[in-house]
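Take a moment to look over the chain below before reading on. We'll walk through it piece by piece, starting with some strands and ending with the empty spaces.

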Amino acid sequence: MDTEKTLRRDVALANRIIERVGLSTAFGHVSARIPGTNTFLLPTRRSPGFADEAKLLVLDTDGNVRSGDGTPNSELWIHARAYAARPELGSVVHAHPPACVCLTQIGQPHRIVHHQGGAFSGGVAEYDRIGLIRSRELGDLLAASLGNCVAVMMRGHGITTAAADVRTATIAACFLEESADLQLRMLAAAGGDATRIRTFTLDEAERLSDQLSPGIVERAWEYYAAVAQVRPLGGV
């Protein structure tokens, strides 16, 4: 019971984090698998900033609501089919961070330009189809695009990150937006010439591939959790 309470608390807090730090506004959602099952916790259909640990829904990988009151987000399939495709996943985050969306629309793939970007040394997948993920079939397509990566950028839409636990998946989303924002700033400073950006080599990036290790995740989680608790909903 204590484990379930902790998971519920972390899921609700993770949803509030992605709203408070600007990865989402009215839309976006974080889920977590209930360990050892094909079910997961997901908030009801509201801004992630309103997530309440006592009101989370339990869904399964076929998209059925197993318990809880309320309506799930129509893009529940992002979560359901990612869990179905990858049994090792413990959490999925879907958000609409602006810098990431900008990269998808200017033909620039994600590049590693700072230390935290090393979290994505294995690559960031791309999903080019426009539109919301409102069906099982589209959920399967997105899961296939994600593959074994930590993150996928969705053109003109947002991102999805996936990891073994909710804290890691949430911090991955935060790091990805930070990385994309820095890349855009560097591109602007270079007059739009991407060849002038000193991106990390594969060897350099791999030396920083520990950026989602437990110690780093816990330190980042502590910070972002504090931000979510003291910053008002929609605050700046």
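**A walk through the strands, core and hollows**

Let's begin with strand S2 (residues 39-42), which pairs with S3 in the antiparallel sense, with four bridges between the two. One spot to find is Thr 39, which stands opposite Asp 60 in S3. Keep in mind as you look that this is a predicted model.

Stay with S3 (residues 57-60) for a moment. Which way do its side chains point? Leu 57 and Leu 59 go one way, Val 58 and Asp 60 go the other, and all of them are buried. There is a simple pattern behind this: along a regular strand, side chains take turns between the two faces of the sheet.

S3 also has a partner in strand S4 (residues 65-67), and here two bridges join an antiparallel pair. Val 58 has Ser 67 of S4 as its bridge partner. Between the strands of this S3 and S4 hairpin sit four residues, and Gly 63 takes a positive phi near 85° there.

Now move further along the chain to strand S6 (residues 125-127). S6 pairs with S7 over three bridges, this time in the parallel sense. Tyr 127 is matched with Met 154 of S7 as its bridge partner. How does the chain get from S6 to S7? The path goes through helix H4 (residues 136-146), and this β-α-β crossover is right-handed.

While you're at H4, look for Gly 139, which lies in this helix. Gly 139 has a relative accessible area of 2%, so it counts as buried. For a sense of the distances here, try Gly 139 and Asp 10: they are 129 residues apart in sequence, and their C-alpha atoms are 24 Å apart in space.

Back to S7 (residues 151-154), a strand with both faces covered. Ala 151 and Met 153 are on one side, Val 152 and Met 154 are on the other, and all four residues are buried. S7 runs antiparallel to strand S8 (residues 158-163), joined to it by four bridges. Met 154 turns up here too, standing opposite Gly 158 in S8. The S7 and S8 hairpin has three residues between its strands, and Gly 156 takes a positive phi near 65° in it.

Which residues have the most contacts inside the largest nonpolar core? They are Met 153, Ile 171 and Leu 176, in a core of 40 residues. At least two residues each come from helix H1 (2-20), strand S1 (29-33), strand S5 (91-95), H3, S7, S8, H5 and H7. The element that gives the most is H5, with nine residues.

Ile 171 is worth finding in H5, the helix where it has its place. Its relative accessibility is 0%, which is why it counts as buried. From Ile 171 to Arg 219, the C-alpha atoms are 9.9 Å apart in space, while the two residues are 48 apart in sequence.

For a contrast, go to Asp 210, in the loop between helix H6 (202-206) and H7. Is Asp 210 buried or partly exposed? Its relative accessibility is 41%, so it counts as partly exposed. The C-alpha atom of Asp 210 is separated by 19 Å from that of Val 152, a residue 58 positions away along the chain.

Finally, the gaps. Rolling a probe the size of a water molecule over the atoms shows where space is left empty. The largest pocket holds about 260 Å³ of space. Its lining is made of 15 residues, and those nearest its centre are Val 21, Leu 23, Cys 174, Glu 177 and Glu 178. Helix H3 (98-105), helix H5 (166-189) and helix H7 (214-230) are the elements that give two or more residues to this lining. H5 gives the most to the pocket lining, with six residues. By class, the pocket's lining has nine nonpolar, five charged and one polar.

The structure also holds one cavity of 30 Å³ or more, and the volume of the largest cavity is about 50 Å³. Among the residues that line this cavity are Asn 15, His 29, Leu 42, Arg 45 and Asn 73. The cavity lining divides into five polar, three nonpolar and two charged residues.

Technical notes:
Residues numbered from 1 in each chain as written. Predicted model: local features only at pLDDT ≥ 70, side-chain atom pairs only at ≥ 80, totals over all residues. Heavy atoms only, no water. 1 Å grid on protein atoms, 1.4 Å probe; cavity = no way out; pocket = protein on both sides within 12 Å on 5 of 7 lines; lining within 4 Å. Points joined across faces, edges and corners; volume = space filled by probe spheres on them. Nonpolar A, V, L, I, M, F, W, Y, C, P; charged D, E, K, R; others polar. Buried < 20%, exposed > 50% of the residue type's maximum accessible area, 1.4 Å probe, protein only. Pairing = 2+ DSSP bridges. Right-handed = clockwise from strand over helix to strand, strands pointing away. Core = buried A, V, L, I, M, F, W, Y, C linked by side-chain atoms within 4.5 Å.
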